[in-house]
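Here's a quick tour of the structure below. Have the viewer open and follow along.

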Amino acid sequence: MSETAARFTVKAHVFGPDDIRRALVRVAHEIVEANRGTDDLVLVGIRTRGAPLAERIAASIASFEGADLPSGALDVGLYRDDVALRGPRRLESTTIPVDVDGRVVVLVDDVLYTGRTIRAAFDAVLDLGRPRAIRLAVLVDRGHRELPIRPDHVGKNLPTSADEVVRVHVQEIDGEDAVVIGGYS
Amino acid sequence: MIKHLLSMDQLSADDITLILDTAESLRQVTDRPIKKLPTLRGRTVCNLFYEASTRTRISFELAAKRLSADVINFSADAKSSVSKGESFKDTAWTLEAMGVDAIVVRHGSSGAPHQLSNWAKASVINAGDGAHEHPTQALLDLFSMREHFKDFSGLKVAIVGDIMHSRVARSNIKGLITMGAEVTVSGPPTLIPPQVASWGAKVSYDIEPILPGTDVCYLLRVQQERQSEQLFPSLREYAALWGLDARRMKMMPEQSLVMHPGPMNRGVEIGADVSESPRSIVLNQVANGLAVRMSLLYLMLGAPNQEAAA
C-alpha cells in the first residue's frame, strides 16, 4: 500500500516560511475581494496539506475582516480517477462544518499540477450539496495541466519540468514551512 | 492489502486497524444524503451463496453498490444451475469467464472459499464457510467494539454459546486476540472444543462468575438444529444456564455492551428485554457491517487491476 518505494531527494528549497506566509495572506485578501466580502464563503482544504492551509487562510481572514469563516477538510481518495492504477490510499475524514448548498466553496490545495485532484474534489463537493460556486486557491501552481482547470487565486507560480517533484511542507504536518523541488532516486 | 480474505489468521493488527480506520471514513458517507461513491466503477462483485443469508448478502450487495461496482447475486437454490448438478468448480469457472473482480462466497463446507481462491483469478472473500470462519462478521464486531472502547488492549470479551460450531466465534476470537483483547468463552461443555486454550482464550463453563469482569458479552445464536444432536438437553435449560437475561446483565459493569451476530433467538440466548436495552448494539452492528464491507471492497478491489495494466 506504500505510495512508492523510491526515495525522495530534495534538490532545492524554493520558498521558505516568510514567502509562504505572505503568499497566503495575499490569497486570503484576494478571496475576500473577489467575493466582495465574506458572505456565504466556506473554505475547504483538500487533504492532506490543503487542510492546514485552509485553516491558515481562515485565520488570516479572521484577523483582517473580523469574520470567522467556516473551514473544513475534504478527502478525495474515493473520487480519484487513478484508484485502479495506483491502488487504494489511506482515507481520512471529510469534515465540512456547514451545509454547502448555496454557498461559495473555496477549495484550497498545496500544489496544482495535472488538475486531476481538483476534478475529484469537484465531484466530492457536489455529492455533499449544490454550492452557488466553487473557486480554487492554491499555494503553488506548477503547470502541466491535463484537464481544463484554472485556479482563481495562486500563491506562487513555479515553472517546472514534468520529471520534477514539487512538495509543500507545512509546520502542522512536516514540522517546517517550505516549498521544495526534488526527484525520486 | 491481501488478495483474498479467507481467515482472520491472514490479518495483522496493523491490517485490522487500516480496515477499521477506512471503515470509519466510509461510515460518514452512509450518513449523508448522497450515499454513492464512484470509486469502484467498472468492477464487478459476485455474491455466491450456497447457504441462506439475509444480512450478510444484503450488506455485501449494498456495500458494492454504494461504491458503484456492479453486483451479481447467485444463490445455489432450485432456480440455479446447481440444482442441475453443476459442480462448485464449474460454477467458479463460469463466473470467472464473465470477468468478475471479486467473489463473496458463503458455503456450508469449511475451506470452500480457500478451494475457490485456487481456481479463481478474482479476489475471494469468505462470507462464512461451514464451522470454520466468518471474517467480515469479526471485523464489523471489532469495529463496533472500537466505537465504544477506544482500544482493545485489556478489553475483556466473553463469547457465550456454541463455540464448537460457530464460525463467528472462531473469527472473533482470532481477531480479538490479534488486537490484544482478553477472551473468555462460556457455554455447554459439549459445545466447547478442547483446543480453545490453544487459540489463546480462557474457558468458564459457568457464565455468572465471569460477568462482573466483562466489557463485552457476545452471545452466539443457538443453532436449534444442534438440539437434535443432543448436545444440550433443551432450549429452556440452555436459557436458564447460559442465556443473558436482565438479571444477569445487571451483573455486568455499567459501561459494558451486549452483542449478537443475529438472527436472535429471543428468550433463549438473549432475553427480549436485554436485546432491546440500550446496552445491546445489535442494530449498530448491522449498520457498521456495511461500512466495514465497503472498506474491504475498497482496499481489496482498489488495488491495481492486473488485466488493465497488462
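Before we get to the loops, a word on naming: helices (H or I, at least four residues) and strands (E, at least two) are DSSP runs, numbered from the N terminus. On that footing, S277(B) sits in the loop between α9 (272-275) and α10 of chain B. Keep in mind that this is a predicted model.

**The loop at S277(B)**
- Is S277(B) buried or exposed? S277(B) counts as exposed, because there are 12 C-beta neighbours inside 10 Å, and the cut-off for exposed is 12 or fewer.
- In sequence, S277(B) and A246(B) are 31 residues apart, yet C-alpha to C-alpha they are 9.1 Å apart in space.

**Chain B overall**
- Count up the secondary structure of chain B and you get 11 helices and nine strands.
- Chain B is as compact as a globular protein of its length, because its radius of gyration of 19 Å is close to the 19 Å that the globule rule gives for 310 residues.
- If you want box dimensions, the C-alpha trace of chain B spans about 60 × 45 × 35 Å along its principal axes.
- As for burial, 47% of the 310 residues of chain B count as buried.
- Take the contacts in chain B with a separation of 6 or more: 75% of them come from residues 24 or more positions apart.

**Two domains in chain B**
- The domain assignment splits chain B into domain 1 (8-134 + 287-309) and domain 2 (135-284).
- Between the C-alpha centres of domain 1 and domain 2 of chain B there are 26 Å.
- Where the two domains of chain B meet, domain 1 puts in 25 residues and domain 2 puts in 22 residues.
- On the domain 1 side of that contact in chain B, the elements giving two or more residues are α1 (13-29), β4 (123-129) and α10 (282-301) of chain B.
- Which element gives the most to that side of domain 1 of chain B? That would be α10(B), with six residues.
- By residue type, the side of domain 1 of chain B that touches domain 2 of chain B has 13 nonpolar, seven polar and five charged residues.

**The nonpolar core**
- The largest nonpolar core has 133 residues, and those with the most contacts inside it are V44(A), I57(A), I103(B), I159(B) and L297(B).
- Here α10(B) turns up again, giving the most to this core with 10 residues.
- Domain 1 (8-134 + 287-309) and domain 2 (135-284) of chain B both give residues to this core, so the core lies between them.
- Zoom in on I159(B): setting aside neighbours within four places in sequence, its contacts are A169(B), N172(B), I173(B), V183(B), V185(B), Y218(B) and L220(B).

**Where chain A meets chain B**
- Between the chains, 17 residues of chain A are in contact with 16 residues of chain B.
- On the chain A side, helix α3 (residues 83-86) of chain A gives the largest share, four residues.
- That side of chain A divides into nine nonpolar, three polar and five charged residues.

**Helix α4 of chain A**
- In helix α4 (residues 116-126) of chain A, the buried residues are T117(A), I118(A), A120(A), A121(A), A124(A) and V125(A).
- Why do these residues fall on the same side of α4(A)? Because they cover an arc of only 155° around the axis.
- The packing partners of the buried residues of α4(A) are β2 (41-46), β3 (71-74), β4 (104-112) and β5 (133-141) of chain A.

Note on methods: Residues are numbered from 1 along each chain as its sequence is written. Chains are lettered from A and ligands numbered from 1 in the order in which they are written. This is a predicted model: local features need pLDDT of at least 70, side-chain atom pairs count only at pLDDT 80 or more; totals for chains, interfaces and linings use all residues. A residue is buried if 20 or more other C-beta atoms lie within 10 Å of its own, exposed if 12 or fewer, and partly exposed in between; C-beta atoms are placed from the backbone. The arc is that of the directions from the helix axis to the C-beta atoms. Two residues are in contact if their C-beta atoms, placed from the backbone, lie within 7 Å. Ala, Val, Leu, Ile, Met, Phe, Trp, Tyr, Cys and Pro count as nonpolar, Asp, Glu, Lys and Arg as charged, and the others, Gly among them, as polar. The radius of gyration is taken over C-alpha atoms; the globule rule is 2.2 Å times the number of residues to the power 0.38. Domain bounds come from an automatic or database domain assignment. A nonpolar core is a set of buried Ala, Val, Leu, Ile, Met, Phe, Trp, Tyr and Cys residues joined through C-beta atoms within 7 Å.
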